[in-house]
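Ready for a few short exercises? Have a look at the model below, then work through each task before reading its solution.

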Amino acid sequence: MKFSILCVPYALDYAAGTDSVSDVIAWDLQVASWADQYGLDEVFFAEHHTLGHEPSPAPELMIAAASQTTTRVRLGALGHLIPYHNPVALAHRMMWMDHLTGGRYVAGVAPGAFPTDAQLFGTGGENARMLAEGLDIIHAIFTKPGPWRIDGRYWTADMPQFSSSVNGPHLKPFQRPHPEILMTGMQPRSPTLAEAGRRGYSPVSQEVSSETLIQHWETYAEAAKSAGHVPNRSNWRITRDLWLADTDEEARQQALSGPLGEVWSEVNLPLFKDLGLGSLLAGTAVPEQDLSLEWLVDNFFLVGSPETVVKKIEKLHAEVGGFGTLLMGAPGRGQEPERYRRSLELLGSEVAPRLSHLVAGS
């Protein structure tokens, strides 16, 4: 069992005008430092361009900065929004990050889900097709020597043959044949997870119920097998928010009244309900109209003392048939950041060692 953190980042104080961009950056880098210190496995940085409560337009820069203050934790994007980049340029930044981190880089990719980002870049509803075409180009740059040419609908890549006069093209990834590539999905029969399976990439499930997670794995595994790949649950990352304290009572109170509860009550839960996606969180356990922060903290999130959270993770692992990595969102800094530091310390020192017996299987 591995543990990862996604710095979305949740920045309600920035959206309210009380935090600066520098504050947002500093907090995410602090989270990465704590993850490294307490033995967690990965830290990811999201990419959003128009969301004031989730400001993170340059995950590459966050990865580069975090690589200079950490030594062991893997660093990646979840994900690079392929339609908003020239894939030739992005592939070269990916390879450079792979070398900069000494092979600690993880390449998460996504089509981009927010309409305002798509509007800004003028992609016109073509994001899914642009993702597929961009990935073809990136994969070719990672793995194929020149000369070759791809004339796509959205981009053209024309790789020259090696020339001694310029000593290149020269760059290939540090990890061979390339860094691990991740793709995320939310809907039960997610087309993005199916695409990940077809390409042999690793699946990442967003925060949904166990019932939906089971469908995620079925969708991914079916596509992978059809394309001749062998799906392995150890490569499956599933998202579930987590909060630890020394006692169950403390953990529940902190989750309800702290930054985790704040972002869910003010942003995430209203968004799920507005989009009619509440059933993705609750499954058949509770009607969508009855979904509340209290229900999520008591029945969905992984909240409690180390002993309690160990049992909850074991139960989740069994319900979905096994997975390799638990991915959690990093909450905002809040008024008492020491509480989040303590949560990560308990995760690394007490919870993770007690779950070393969990094997994801195939």
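**Exercise 1.** In this predicted model, is Glu-207 buried or exposed, and which side chain of opposite charge is nearest?

*Solution.* Start with the location: Glu-207 sits in the loop between β8 (202–205) and α8 (210–226). Next, check the surroundings: Glu-207 is buried, and Arg-240 is the nearest side chain of opposite charge, 4.5 Å away. A salt bridge needs a side-chain nitrogen within 4 Å of a carboxyl oxygen, and Glu-207 has none.

**Exercise 2.** Find the backbone nitrogen that lies 2.6 Å from a polar side-chain atom of Glu-207, then list some contacts of Glu-207.

*Solution.* The backbone nitrogen belongs to Asp-241. Now turn to the contacts: leaving aside residues up to four places away in sequence, Glu-207 touches several residues, among them Thr-239, Trp-264, Phe-272 and Leu-281.

**Exercise 3.** Compare the span of α8 with the expected one, then see what covers its buried residues.

*Solution.* With 17 residues, α8 reaches 24 Å from first to last C-alpha, close to the expected 24 Å. Its buried residues include Leu-213, His-216, Trp-217 and Tyr-220. Among the elements covering the buried residues are β7 (181–185), α7 (191–199) and α13 (306–320). Just past the helix, Gly-228 adopts a positive phi of about 90°.

**Exercise 4.** Which strands pair with β1, and in what sense?

*Solution.* First take β12 (residues 325–329): β1 pairs with it in the parallel sense over 5 bridges, with Phe-3 opposite Leu-326. Then take β2 (residues 42–45): this pairing with β1 is parallel too, over 4 bridges, and Ser-4 stands opposite Glu-42. Finally, check burial: 5 of the 6 residues of β1 are buried.

Notes. Residues numbered from 1 in each chain as written. Predicted model: local features only at pLDDT ≥ 70, side-chain atom pairs only at ≥ 80, totals over all residues. Heavy atoms only, no water. Helix = DSSP H or I, 4+ residues; strand = E, 2+ residues; numbered from the N terminus. Buried < 20%, exposed > 50% of the residue type's maximum accessible area, 1.4 Å probe, protein only. Lys, Arg positive; Asp, Glu negative; His and termini not counted. Polar contact = N/O pair within 3.5 Å; in protein donor to acceptor, adjacent residues only side chain to side chain. Contact = heavy atoms within 4.5 Å. Pairing = 2+ DSSP bridges. Expected span 1.5 Å × (residues − 1).
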